[in-house]
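Student: I have a protein structure open on my screen, and I would like to learn how to read it. Could you walk me through it?

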Amino acid sequence: MELLSGGDILIRALRDVGVKHIWGYPGGAALHIYDAIYRQEDVVHLLVRHEQAAVHAADGFSRATGEVGTALVTSGPGATNAITGIATAYMDSIPLVVISGQVPSNKIGQDAFQETDMVGVSRPIVKHSFLVTKPEDIAATIAKAYYIARTGRPGPVVVDIPKDVTGPNYKVPYEFPSEVKMRSYQPSDKGHRGQIKRAVKALLDAKRPVIYTGGGIVIDNAAEHLIAVARKLNYPVTNTLMGLGGYPGTDRQFIGMLGMHGTFEANTAMHHADVIFAVGARFDDRVTNELEKFCPLATIIHVDIDPTSVSKNIVADIPIVGTCTSVLKEVLSFIEESDKAPDSEAINQWWQQIDEWRAKHGIYTASRYEPSGGDLIKPQDVIKTLYKVTKGEAIVTSDVGQHQMFAAQYYLFDKPRRWINSGGLGTMGFGLPAAMGAKLAFPDTDVACVTGEGSIQMCIQELSACSQHNLPVKIINLNNAALGMVRQWQDMQYNGRYSQSVYEESLPDFVALAEAYGHVGIKVTKFDELEEKMRECFAMKDRLVFMDIHVDRSEHVYPMHMPGGSMRDLWLSKTERT
Amino acid sequence: MKRIISILLENEFGALSRVVGLFAQRGYNIDTLTVAPTDDGTLSRLTLTTQGDDKMAEQIVKQLHKLIDTLKVVDLTVGPHIERELLLVKVKATDSDVRTELKNCVEIFRGHIIDVTPSTYTVQLAGDSDKLDAFIEAVAHMGIMEVVRSGVLGISRGDKFIRV
């Protein structure tokens with residue numbers, strides 16, 4: 001059997017577990033690993049400019065493909081810089097493996113140069129972590145790490161490896177385990193049949209049902225099964241921010257996103273529903289508003305792979321622990337076998353009611369904001385133009401803030417894995433590196449990073465990495481010269497005191513900045529130039545284009561939940577409320 | 001109410017810190033905690049006590065179970081169970097009245113005096129936590145110098161057992 005050093009074993013094991021790309025940044029404790037990378041061609045390493053971006057890029061790659069993303073960082077500051085990326089992936093259940101170099105075993109605990117207790121620091125934000133203590137354990141640990149990351153409720157796994165473990169002088173036989181078995185980790189798969197039967201009965205008895213689905217549908221590739229069940233029942237479907245694309249955004253049965261900035265019709269339908277079929281969603285506080293006032297009339301059916309998500313915030317009447325795919329398939333077959341059909345009269349009435357709500361306050365059926373024109377570009381219209389120019393087929397990543405909500409509201413995603421954003425942690429700086437990951441996975445697909453002048457500056461250094469690795473993403477910068485969402489809250493709750501949310505005259509010339517990195521910059525200040533310039537932008541297939549679009553500085557995101565209210569308690573504009 | 005939660009977990013690097021960290025992270029308190037390897041050296045048995053209603057206890061058990069290293073998690077308080085804790089207490093015992101009273105007390109509580117000096121008695125006592133509390137209260141006026149408690153151990157009554 002071939003004898004290999006720990007560094008070579010690590011890279012060989014990554015190859016054998018199916019890794020083709022690693023995002024990372026070298027440093028002292030990881031140098032043996034980087035030397036091993038240099039010796040082979042199976043696994044390609046992409047150098048970023050900051051470790052946070054390495055993890056976000058691996059994360060974007062994973063969200064776009066469904067595969068496990070991989071990042072490699074050094075000890076100390078390399079490891080701590082990765083933390084925000086790991087926490088982002090953890091909150092959104094994204095499978096990642098983050099490998100960190102560690103100081104040599106005999107230096108651990110000595111406050112050595114660039115020493116950080118990575119396993120300790122990352123503990124609350126990982127699905128699991130390993131400290132590898134000898135080269136013989138590397139291959140098995142890597143196999144376990146990927147297995148844990150992608151199975152059950154996915155999540156990030158940290159593998160911390162002291163420098164001596166990857167050193168060139170100690171060689172051991174390489175063997176990649178053919179299977180992973182862990183007595184302490186056996187994720188459940190199929191839901192309880194009796195519970196599923198109860199759920200189907202409740203669904204078929206419903207008069208005012210809503211199907212409420214989240215990121216679980218996307219992660220579990222369950223969209224087709226959701227569509228099959230929803231079509232069969234003809235029930236309205238709403239998606240969480242993380243679930244967008246899990247059900248086609250242009251479908252008649254889709255009533256929009258729900259939650260804090262969800263549609264009037266989705267939030268109001270939830271409030272009045274008698275049965276809520278929650279699949280792969282977790283009743284997050286950005287969805288429910290005040291828990292005590294949440295959906296007072298509803299029987300709650302909750303399907304989730306993670307038992308801790310069930311009855312955590314809202315007590316489920318019919319809890320089902322299992323994968324979205326397996327449960328939805330069983331639900332469909334029970335519906336088909338049942339001699340009962342949905343109450344079509346009640347459902348028709350329900351649709352009539354929902355259509356009335358849609359017509360009255362919907363964001364798609366009537367314009368909820370004043371029209372753009374001249375120097376006034378409404379941010380919503382930028383997203384609508386983006387949708388038009390890319391025919392709704394782009395992969396859209398976003399940062400965090402108003403632009404994120406506008407993108408979620410106005411770009412209708414018909415397929416999963418096209419909408420990539422940091423929903424749980426809300427990480428500014430996520431968008432650009434995530435777009436890099438998506439572009440690497442799908443070089444022939446348009447990848448647009450919808451961002452703002454605040455968020456983009458948190459990882460803007462990656463414009464350099466995009467040059468190096470030829471990642472021609474499109475940056476759609478909704479520049480309102482302020483931290484828009486912060487300012488919106490300051491308008492609504494702090495009487496317009498804009499504490500630290502404006503930049504005064506300090507913003508860079510983004511066009512010049514993009515050009516300095518070797519990219520194309522386009523500035524748009526007039527509405528009638530917007531579509532044409534955006535077409536120009538997307539026509540440049542091989543260039544990264546930075547579109548700096550100066551949008552209305554005073555716009556707010558609506559609808560918006562009123563704090564402490566129920567789901568139907570919404571601001572509809574600066575002056576109207578429900 | 002008081003909960004006694006028993007956990008069987010892999011005897012591995014970081015496993016204990018994950019359990020303890022979970023409590024801090026989720027805002028639960030740990031009142032007592034005790035951990036040691038079992039007859040199978042690859043496994044540790046951890047017993048902890050906490051306070052919580054049924055909903056909270058259910059969530060704690062589920063969260064603990066979600067940790068990759070845990071094999072079994074049982075809330076012993078939902079069924080008949082036995083609870084034991086060990087107490088070591090050093091009492092100032094200089095005058096002979098106190099020494100006599102303390103010896104009586106130890107006998108009543110069925111403890112043992114395990115170390116004696118001219119000025120101190122060290123007492124060992126096992127039982128449920130309430131009994132240990134009662135003993136401490138009974139001897140408090142004599143002058144307690146030091147109290148060490150092991151934390152609660154629990155096991156279910158009858159045929160039920162926790163094993164891999």
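What follows is a conversation that goes from overall form to single strands and helices.

Tutor: Happy to! Keep in mind that this is a predicted model. Let's begin with chain A as a whole.

Student: How many helices and strands are there in chain A?

Tutor: Chain A holds 20 helices and 22 strands. Its C-alpha trace spans about 75 × 60 × 40 Å along the principal axes.

Student: What does the radius of gyration tell me about chain A?

Tutor: The idea is to set the value beside the one expected for a compact globule. For 578 residues that expectation is near 25 Å, and chain A has 24 Å, so the two agree. Burial adds to the picture: 57% of the 578 residues of chain A count as buried. You can also ask how far apart along the chain the touching residues are. Among contacts in chain A with a separation of 6 or more, 76% are between residues 24 or more positions apart.

Student: Which domains does the assignment give for chain A?

Tutor: The domain assignment lists domain 1 (3–173), domain 2 (193–361) and domain 3 (379–557). To read how two domains meet, look at their centres and then at the residues in contact. The centres of domain 2 and domain 3 of chain A, taken over C-alpha atoms, are separated by 31 Å. Across that boundary, 14 residues of domain 2 of chain A are in contact with 14 residues of domain 3 of chain A. On the domain 2 side, helix α8 (residues 215–219) of chain A gives the most, with three residues. By class, that side has eight nonpolar, six polar and no charged residues.

Student: Now a single helix, please. Why is helix α1 of chain A described as largely enclosed?

Tutor: You count how many of its residues are buried. In helix α1 (residues 6–16) of chain A, nine of the 11 residues are buried, so the rest of the structure largely encloses this helix. Among the buried ones are A:G6, A:I9 and A:L14. The buried residues of α1(A) pack against β1 (3–5), α2 (31–38), β4 (69–73) and α6 (138–150) of chain A. Just after α1(A), have a look at A:G18, which takes a positive phi of about 105 degrees.

Student: How do I read a sheet? In what order do the six strands of the open sheet in chain A come?

Tutor: Go from one edge to the other and note each neighbour. Here the order is β3-β2-β4-β5-β7-β6 of chain A, with parallel pairing. The edge strands are β3 (44–47) and β6 (128–131) of chain A, and each pairs on one side only. Neighbouring strands of this sheet are turned by 20 degrees against each other on average, ignoring direction. Zooming in, strand β2 (residues 21–24) of chain A pairs with β3(A) over four bridges, and A:G24 has A:L47 as its bridge partner in β3(A). Helix α4 (residues 77–91) of chain A lies across β4, β5 (96–102) and β7 (156–162) of chain A, running at about 165 degrees to β5(A).

Student: Where does chain B come in? How many residues of chain A are in contact with chain B?

Tutor: For an interface, count the residues on each side. Here 13 residues of chain A are in contact with 16 residues of chain B. On the chain A side, β6(A) supplies the largest share, three residues. The residues of that side divide into six nonpolar, four polar and three charged.

Student: And what is the pairing in the open sheet of chain B, parallel or antiparallel?

Tutor: The pairing is antiparallel, and the four strands run in the order β2-β3-β1-β4 of chain B. At the edges are β2 (32–37) and β4 (70–75) of chain B, each pairing on one side only. The twist averages 15 degrees from one strand to the next. Strand β1 (residues 2–10) and strand β3 (residues 43–51) of chain B pair over nine bridges; B:I4, for instance, stands opposite B:T49 in β3(B). Helix α1 (residues 15–26) of chain B packs on the sheet and touches β1, β2 and β3 of chain B.

Student: Why is β3(B) largely enclosed?

Tutor: Seven of its nine residues are buried, so the rest of the structure largely encloses β3(B). On its other pairing, β2(B) and β3(B) share six bridges in the antiparallel sense, and a hairpin joins β2(B) to β3(B) through five residues.

Note on methods:
Residues numbered from 1 in each chain as written. Chains lettered and ligands numbered in written order. Predicted model: local features only at pLDDT ≥ 70, side-chain atom pairs only at ≥ 80, totals over all residues. Buried ≥ 20, exposed ≤ 12 C-beta atoms within 10 Å, placed from the backbone. Contact = placed C-beta atoms within 7 Å. Pairing = 2+ DSSP bridges. Axes fitted to C-alpha atoms, helices over the stretch in contact; angles between N-to-C directions. Rg over C-alpha atoms; globule rule 2.2 N^0.38 Å. Domains from an automatic or database assignment. Nonpolar A, V, L, I, M, F, W, Y, C, P; charged D, E, K, R; others polar.
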